[in-house]
Amino acid sequence: MPRPIWSGSISFGLVNVPVKLYSATSPKEVRFHMLHDKDGGRIQQKRVCSIDGEEVPWEHIVKGFEVSKGRYVTVTREELEAFTPKATRSIDIEDFVDLHQIDPIYYAHSYYLVPDRGASRPYALLHEAMKRTGKVGIGQFVLRTKQYLAAVRPMGKALAVSTMLHADEVVDQSELEGLPSAEAKPREKELQMAEQLVQSLATDFDPKKYKDTFREQVLELLERKAEGQEIVAEPAEEEPRGKVVNLMDALAKSLAAARKGEAPQAGERRHRSEGERAAARTARAPARRRKTATKARR
């Protein structure tokens, strides 16, 4: 059962809706510790001064901002605390906007908002009002001493709030080099075939369809090693170099394969399917058992 990480209220106009904040995501990541290969001891990191080489205790560490090469301005904790946003315990909605106007690049982290005790009716009212109007509430709130821009929106039966980047935190595309010029405009026939290819591959988004195959394979490797199996690392497959192809020919072949429901041809797919990986594991299993048995006899 998840626990709330913040409690406060949603404020819009003169209406306040008491809510509790829960994490909406749980990223799955394989985390490793750093160990000494000789004896398996955990590696400890120390804070060492670059000038005298001595370890520095926390009470003698200050924050510094580099204003020029090798020149720093230091600030104390008290100086920074003077600017710490006041924890108002309120998500203050300032505007309601259309969801499609917010580019996903602005979203950072997402949370669920659940009504606090006695707030179910005003919570349901706000949820239904935004759902019917298709609007998203934009406001600000303070979480863990930091002020965030946020978007509140209906998501299923709940209200979700996503922290957002500010405008100056998104890289302007004018700073990018190599974007297509006007001369790269596609020809009409190419565009028509590309549109047909997109439509032939169009479907409803199902997040369960996409798997983190790297994490699954790493966890499988760790499980096998924990069981004492000897692992022989396979050489990594060399990535094929990109080839210059005839665009119309590539589109035509891709469209034909999509219409037939065929998978990409050999050399066009970088990763093996789960079925192929399972077959490969099955083929290697007898060899692994023989190696394990040999080690046991030793």
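# A walk through the predicted fold

K135 has a relative accessible area of 28% and is therefore partly exposed, since this class lies between the buried limit of under 20% and the exposed limit of over 50%. The model in which this residue sits is a predicted one. K135 makes a convenient point of entry, as its side chain forms a salt bridge with D98, with the closest N and O atoms 2.7 Å apart. K135 belongs to strand β7 and D98 to strand β5, so this pair ties together parts that are 37 residues apart in sequence. D98 has a relative accessibility of 22% and so counts, by the cut-offs of 20% and 50%, as partly exposed.

The overall composition may be set out next. The chain contains 6 helices and 9 strands. Of its 298 residues, 18% are buried. Among contacts with a separation of 6 or more, 63% are between residues 24 or more positions apart. The accessible area of the chain is about 24,400 Å², of which carbon and sulfur atoms supply 53%.

From the surface, the description moves to the interior. The largest nonpolar core comprises 21 residues, and I10, L21, L113, F141 and V161 are those with the most contacts inside it. At least two residues of this core come from each of the following elements: β1 (6–12), β2, β5 (90–98), β6 (107–115), α2 (120–133), β7 (135–143), β8 (146–155) and β9 (158–164). Another core, of 6 residues, lies apart from it and includes I102, I138, L149 and M164.

L113 shows how one core residue meets others that are remote in sequence. When residues up to four places away are set aside, L113 touches I10, V19, K20, L21, I91, Y123, V152, A158, L159 and V161. Of these contacts, I10, L21 and V161 are, like L113, among the core residues with the most contacts.

S11 offers a view of strand β1, in which it lies. With a relative accessibility of 15%, S11 is buried, because the value falls under 20%. Beyond its neighbours within four places in sequence, S11 is in contact with N16, S90, I91, D92 and I93.

The strands from β7 to β9 can be followed in order. β7 and β8 run antiparallel and are joined by 7 bridges. Within this pairing, I138 stands opposite A151 in β8. The two strands form a hairpin with 2 residues between them, and R144 in the turn has a positive phi of about 55 degrees. β8 is in turn joined to β9 by 7 bridges, again in the antiparallel sense. Here L149 has M164 in β9 as its bridge partner, and both residues are members of the core of 6 residues. The hairpin of β8 and β9 likewise has 2 residues between the strands, with G156 at a positive phi near 65 degrees. In a regular strand, side chains alternate between the two faces of the sheet.

A further hairpin is made by β3 and β4. These strands pair in the antiparallel sense over 5 bridges, and Y72 in β4 is the bridge partner of E66. There are 2 residues between the strands, and G70 in the turn adopts a positive phi of about 80 degrees. Strand β4 covers residues 71–75, and the number of its 5 residues that are buried is 0, so this strand lies largely in the open.

Preceding β3, the loop between β2 (15–23) and β3 (63–68) holds F32. The relative accessible area of F32 is 59%, which means that the residue is exposed, the limit being over 50%. Together with L219 and L222, F32 forms a nonpolar patch on the surface with about 290 Å² of accessible area.

The account closes with charged pairs. The structure holds 7 salt bridges, one of which is the K135 and D98 pair described above. Another joins the side chains of R187 and E190, at 2.9 Å from N to O. R187 is exposed, with a relative accessible area of 56%, whereas E190, at 11% relative accessibility, counts as buried. R215 forms a salt bridge with D212, and the closest N and O atoms of this pair are 3.6 Å apart. R215 is partly exposed at 24% relative accessibility, and D212 is also partly exposed, at 36%.

How values were computed: Residues numbered from 1 in each chain as written. Predicted model: local features only at pLDDT ≥ 70, side-chain atom pairs only at ≥ 80, totals over all residues. Heavy atoms only, no water. Patch = residues over 30% accessible without salt bridge, like charges linked within 9 Å, V, L, I, M, F, W, Y side chains within 5 Å. Areas by Shrake-Rupley, 256 points an atom, 1.4 Å probe, with all protein chains shown as cover. Salt bridge = Lys/Arg side-chain N within 4 Å of Asp/Glu carboxyl O. Helix = DSSP H or I, 4+ residues; strand = E, 2+ residues; numbered from the N terminus. Buried < 20%, exposed > 50% of the residue type's maximum accessible area, 1.4 Å probe, protein only. Core = buried A, V, L, I, M, F, W, Y, C linked by side-chain atoms within 4.5 Å. Contact = heavy atoms within 4.5 Å. Pairing = 2+ DSSP bridges.
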